[in-house]
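The following exercises concern one protein chain and its predicted fold. Work through each task with the structure at hand before reading the solution.

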Amino acid sequence: MEAASTPRITCGYLDTYVGKNVMVVGKVLQLRGEEAVIDADGNITVHLNRDSHIMVNSGVQVIGKVNPDLSIKALSSLDLGTGIDYNLANTVVEVAHQHKSMFQYEQ
């Protein structure tokens, strides 16, 4: 099996990962049918799957593929509830990108 990486990103990194799987932590701002808008240091549209059970104003972790329009097609999502430290989540992303060799396989 080939090693795969699912890097943690925020909105600002979307264009770097088009066509690749990523992990995003953000706050659910809107739900519209099978789409959600989350704030992950900027707004991201997420195309949800039928197994997604998330709520507005809750934190969410999404693993999915970045589309050419910079939306994300969710492969899985996890409702994290309230009380999420989004500044900490964003700091983890920044540290992971400063030290890519520790956190990501080259794809």
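The accessible surface of the protein chain comes to about 6400 Å², with 51% of this area belonging to carbon and sulfur atoms; the areas come from the Shrake-Rupley method with a 1.4 Å probe, and for residues only the protein chains shown count as cover. The model is predicted, so local features need pLDDT of at least 70 and side-chain atom pairs count only at pLDDT 80 or more, while totals for chains, interfaces and linings use all residues. Residues are numbered from 1 along each chain as its sequence is written, and side-chain values use heavy atoms, with hydrogens and water left out.

**Exercise 1. Overall architecture**

Task: Determine how many helices and strands the protein chain has and in which pattern they follow one another.

Solution.
Step 1. Take helices (H or I, at least four residues) and strands (E, at least two) as DSSP runs numbered from the N terminus.
Step 2. The count gives 2 helices and 6 strands.
Step 3. Along the sequence, the elements follow the pattern β-β-β-β-β-β-α-α.
Step 4. For contacts, heavy atoms within 4.5 Å are required. Among contacts with a separation of 6 or more, 55% join residues 24 or more positions apart.

**Exercise 2. The nonpolar core**

Task: Identify the elements that give two or more residues to the largest nonpolar core, and describe the contacts of V46.

Solution.
Step 1. Classify burial by relative accessible area: buried is under 20%, exposed is over 50%, and partly exposed lies in between (1.4 Å probe, protein chains only). Of the 107 residues in the chain, 36% are buried.
Step 2. Join buried Ala, Val, Leu, Ile, Met, Phe, Trp, Tyr and Cys residues through side-chain atoms within 4.5 Å to obtain a nonpolar core.
Step 3. The largest such core has 20 residues, and those with the most contacts inside it are I9, V22, V24, I38, I44, V46 and I72. Two or more residues each are given by β2 (21–32), β3 (35–39), β4 (43–47), β5 (59–66) and β6 (72–81).
Step 4. Once neighbours within four places in sequence are set aside, V46 is in contact with E34, E35, A36, I38, V62, I72 and A74.

**Exercise 3. Salt bridges**

Task: Find the salt bridges and state which parts of the chain the pair R50 and E34 ties together.

Solution.
Step 1. Search for a side-chain nitrogen of Lys or Arg within 4 Å of a carboxyl oxygen of Asp or Glu. This rule yields 2 salt bridges.
Step 2. One joins the side chains of R32 and E35 at 3.3 Å, N to O. R32 is partly exposed at 42% relative accessible area, and E35 is partly exposed at 25%.
Step 3. The other joins R50 and E34 at 3.7 Å, N to O. R50 lies in the loop between β4 and β5 and E34 in the loop between β2 and β3, so the pair ties together parts that are 16 residues apart in sequence.
Step 4. R50 is exposed, with 71% relative accessibility, whereas E34 is partly exposed at 47%.

**Exercise 4. Enclosed space**

Task: Locate the largest cavity and name the residues that line it.

Solution.
Step 1. Rolling a probe the size of a water molecule over the atoms shows where empty space is left.
Step 2. On a 1 Å grid over the protein atoms alone, a cavity is a set of points where a 1.4 Å probe fits but cannot get out, and lining residues have an atom within 4 Å of a point. Grid points are joined across faces, edges and corners, and the volume is the space filled by probe spheres set on the points.
Step 3. There is 1 cavity of 30 Å³ or more, and the largest cavity holds about 50 Å³ of space.
Step 4. Its lining consists of R8, I9, T10, M23, V24, V25, A89, N90 and V93. The elements giving two or more residues to this lining are β1 (8–9), β2 and α1 (86–98).

**Exercise 5. Two loop residues**

Task: Is S58 buried or exposed, and what is the phi of N57?

Solution.
Step 1. S58 is in the loop between β4 and β5, and S58 is buried at 7% relative accessible area.
Step 2. Not counting residues up to four places away in sequence, S58 touches G26, K27, V28, D79, G81 and Y86.
Step 3. N57 is also placed in the loop between β4 and β5 and is partly exposed at 46%.
Step 4. Most residues other than glycine have a negative phi. N57 is not a glycine, yet has a positive phi of about 75°.

Terms used: 1 Å grid on protein atoms, 1.4 Å probe; cavity = no way out; pocket = protein on both sides within 12 Å on 5 of 7 lines; lining within 4 Å.
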